[in-house]
Amino acid sequence: MRLDPELLDGPPAAGARVLALARCADVEEAAARVADPADAEALHDLRVALRRLRSTLRALSPLLGDALRERQRRRLRKAARLTGPARDAEVLLAWLEGARDRLQAPWRGAHDWLVERVERSRARAAAAVTSDAVPRLAEALPRLSRRLARPAPPPT
């Protein structure tokens, strides 16, 4: 994100809203990529974008005023939690892939069995991301973005 001098010279609440809006856009972009099975980095990028958005909202909450509702915060938290099992399975599968060649022949059958189980688990978790986490984000982010796009109330 590029910060314009106008933004930096403006009121802190306005800058906080612009930054939060940019983070919302990052999450929306990453969430749109999750449905593409050819995009191996989509889930990771979604998790990173969600973490950055939630951290930004938490850090800037005093400046955001009433733009962030508890309901939206809970939806973002739940969506982030729903992405965890799928990503954990992806990481475990990558590790197992690298470990196979180091195993002795008698253990490779057990390795293949474990890989199959983790792949099924990853598929179920990825389906949950697509069917539950992404719709939660599709509902929460536009509302949050509309609230953030409104002018910040004057300081009291």
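Me: Contact means heavy atoms within 4.5 Å. Which residues is Ala30 in contact with, leaving aside its neighbours within four places in sequence?

Reply: This is a predicted model, in which local features need pLDDT of at least 70 and side-chain atom pairs count only at pLDDT 80 or more, whereas totals for chains, interfaces and linings use all residues. Residues are numbered from 1 along each chain as its sequence is written, and side-chain values use heavy atoms, with hydrogens and water left out. Ala30 belongs to helix α2, residues 12-33 (helices are DSSP runs of H or I, at least four residues, and strands runs of E, at least two, numbered from the N terminus). Once those sequence neighbours are set aside, the contacts of Ala30 are Ala42, Asp45, Leu46 and Ala49.

Me: Why does Ala30 count as buried or exposed?

Reply: With a 1.4 Å probe and protein chains only, buried means under 20% relative accessible area, exposed over 50%, and partly exposed in between. Because its relative accessibility is 4%, Ala30 counts as buried.

Me: Which helix supplies the largest share of the largest nonpolar core?

Reply: A nonpolar core is a set of buried Ala, Val, Leu, Ile, Met, Phe, Trp, Tyr and Cys residues joined through side-chain atoms within 4.5 Å. The largest has 30 residues, and those touching the most other members include Val27, Leu46 and Leu137. Helices α2, α3 (42-64), α4 (70-99) and α5 (105-149) each supply at least two residues, and the largest share, 9 residues, comes from α3.

Me: How many helices and strands are there in the protein chain?

Reply: Along the sequence the pattern reads α-α-α-α-α. The protein chain accordingly has 5 helices and 0 strands.
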